[in-house]
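Reader: I should like to learn how the features of a protein model are read. May we work through one together?

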Amino acid sequence: MWERHPSLVSVSAALALILHGIAALPASAEIKIGFQAPMTGFAASDGHAAKVAAELAVDDINAAGGVLGEELVLVSYDDQAMADQAIFTANKLIGEDGVRLAINGSYSASGRASAPIFQKAQAVFICAYGVHPDITRAGDFVFRLIHLGPPQGRAGAKFVGESLDLGEKRVTVITMDNDYGEATVSGFLDAAERFGITLVNKYTYSLQDRQFGSIVASVKRDAPDAIYVTGYFFTGGPLVSQLRAAGVTVPIIASQAFDSKKFLEIAGPAAEGLFIVGGLADDDANSVLKRFFEEFEKRAGYAPVNSTAQVYSAFQLLADAIERAGSTDPLEVRNALAETENFQMLGGTLTGFSLDREINMPMAVTVVKDGDFAAYSSIDDLELLEASAE
């Protein structure tokens, strides 16, 4: 059992200095932290938000005295959420910039491509929100800070089956046909019977789709008690608005990646009442989270969502691990990460990592209420949420 270093940098500790106006000693050297995010291309909105969160985290850590008396320096590149660019930027970070500690703030395709490169270099690599299982399978220097797709799906099934009054629990599933969509819906389908859910139909769509007429018509014929949907905000917005415009009024339960203000803008009033399993809501009772919302919005011009909170927390966790290791040596930092216990992230308490370096922590459920995300409930069954759960 490890003991926390006296100068441990955590979300609460680092921000406490800032919140109370306590001046910290200036950092005297530099620790490079590599960062990948999609600043251009189809995922640019998410990438921009991820970089804002990364910059905010680095600024907060440095304002609190840095790590081991040294200043964090962000070395970031645009990966376009594409495998080829992820490989190029990973090699650049390692070969040209000399980075040995890195965070990925991008989609699964990027994380899957980058992870083996960092693993081969024995460099620590934390994936903030990519959910494909292959990312952490790259090796023991790779960690993930969000639930895998299948646990997200299982949590969705538990919520549909136990938290909503749905009568016969007849559910239609609509999923995006990429890594994220298929991995998440697989968890939902695997757990459906356990929670009394009857699958009516399953429909798939592509990342490029914005018109869903045939799917909407089929869902109306299905007449389900609820709809479970996976996708991103730019596909989810049009899909939800078209379902509601066609007169489909049953509850819609969405996967984590709907958690974006852009989704609310696209879907408009049609988003009202939609549930997101894995979302993030502002919490007036949590001063650290509230400050994050306020500071992020000042910089970005819009409110943060779960993926941005994951990025911010990834930097705080990495700083925490460096402090506990007492070193920036990648092997020592890797070992400290593996021994993490009860680390307070913005979205909840990380109780620790599994042997496969997957997180153990509850999953929040939010609802769209009065045009914004509001806390609704939490999935606290950690056994269900384990990456290896059957």
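**Reading the model**

Author: Let us begin with one residue: Leu384 is found in helix α14. Please note that this is a predicted model.

Reader: Is Leu384 buried or exposed?

Author: A residue is called buried when its relative accessible area is under 20%. Leu384 has a relative accessibility of 3% and therefore counts as buried.

Reader: How far apart are Leu384 and Arg170, in sequence and in space?

Author: The two separations are read independently. Leu384 and Arg170 are 214 residues apart in sequence, and their C-alpha atoms are 22 Å apart in space. For another pair, Ala281 and Asn306, the separation in sequence is 25 residues and the C-alpha distance is 8.3 Å. Ala281 is located in the loop between β10 (275-277) and α11, and with a relative accessible area of 11% this alanine is buried.

Reader: Which residues form the negative surface patch?

Author: Asp380, Asp381, Glu383 and Glu386 make up a negative surface patch. A residue can belong to a patch only if its relative accessible area is over 30% and it has no salt bridge. Glu386 has a relative accessible area of 33%, so this residue is partly exposed. Glu386 is in the segment after α14 (382-385).

Reader: How is the length of a helix checked, and what span should helix α11 have?

Author: One compares the distance between the end C-alpha atoms with the span expected at 1.5 Å a residue. Helix α11 (residues 287-300) has 14 residues and should span 20 Å; its end C-alpha atoms are 20 Å apart, so the two values agree. Helix α2 (residues 44-63), with 20 residues, reaches 28 Å from its first C-alpha to its last, close to the expected 28 Å. Helix α6 (residues 149-163), with 15 residues, reaches 20 Å, close to the 21 Å expected.

Reader: How many residues of α6 are buried, and which residues of α11 are buried?

Author: Helix α6 is mostly covered, as 13 of its 15 residues are buried. In α11 the buried residues are Val288, Leu289, Arg291, Phe292, Phe293, Glu295, Phe296 and Ala300.

Reader: The list for α11 includes the charged residue Arg291. With which residue does Arg291 form a salt bridge?

Author: For a salt bridge one looks for a side-chain nitrogen of Lys or Arg within 4 Å of a carboxyl oxygen of Asp or Glu. Arg291 forms one with Asp60, and their closest N and O atoms are 3.1 Å apart. This pair links distant parts of the chain, with Arg291 in helix α11 and Asp60 in helix α2, 231 residues apart. Arg291 and Asp60 are both buried.

Reader: How many salt bridges does the structure hold?

Author: There are 13 salt bridges in the structure. Another of interest is formed by the side chains of Asp372 and Lys261, at 2.2 Å from N to O. Asp372 lies in strand β16 (residues 372-379) and Lys261 in helix α10 (residues 261-267), so this pair ties together parts that are 111 residues apart in sequence. Asp372 is partly exposed, with a relative accessible area of 33%, whereas Lys261, at 18% relative accessibility, counts as buried.

Reader: What separates Lys298 and Glu295 along helix α11?

Author: Lys298 and Glu295 are 3 residues apart in helix α11, which means that about one helical turn separates them. Their side chains meet in a salt bridge of 3.4 Å, N to O. Lys298 counts as exposed, at 64% relative accessibility. Salt bridges can also share partners: in this way Arg112, Asp134, Arg137 and Asp179 are joined into one network.

Reader: Where should I look for positive phi values in the backbone?

Author: Glycines after helices offer two cases here. Gly301, just after α11, takes a positive phi of about 90°, and Gly65, just after α2, takes a positive phi of about 110°. One should also look at residues other than glycine. Gln122 is not a glycine, yet its phi is positive, at about 55°. Gln122 lies in the loop between α4 (108-120) and β4 (124-127) and counts as partly exposed, at 40% relative accessibility.

Reader: What is the phi of Ala223, and where does this residue lie?

Author: Ala223 has a positive phi near 50°, and this residue too is other than glycine. Ala223 is in the loop between α8 (213-222) and β8 (226-229). With 48% relative accessibility, Ala223 counts as partly exposed.

Definitions and conventions
Residues are numbered from 1 along each chain as its sequence is written. This is a predicted model: local features need pLDDT of at least 70, side-chain atom pairs count only at pLDDT 80 or more; totals for chains, interfaces and linings use all residues. Side-chain values use heavy atoms; hydrogens and water are left out. Patches are made of residues with over 30% relative accessible area and no salt bridge: like charges are joined within 9 Å, nonpolar side chains (Val, Leu, Ile, Met, Phe, Trp, Tyr) within 5 Å. Accessible areas come from the Shrake-Rupley method with a 1.4 Å probe; for residues, only the protein chains shown count as cover. Lys and Arg count as positive and Asp and Glu as negative; His and the chain ends are not counted. The place of a charge is taken as NZ of Lys, CZ of Arg, CG of Asp or CD of Glu. Helices (H or I, at least four residues) and strands (E, at least two) are DSSP runs, numbered from the N terminus. Buried means under 20% relative accessible area, exposed over 50%, partly exposed in between (1.4 Å probe, protein chains only). The expected span of a helix is 1.5 Å times one less than its number of residues.
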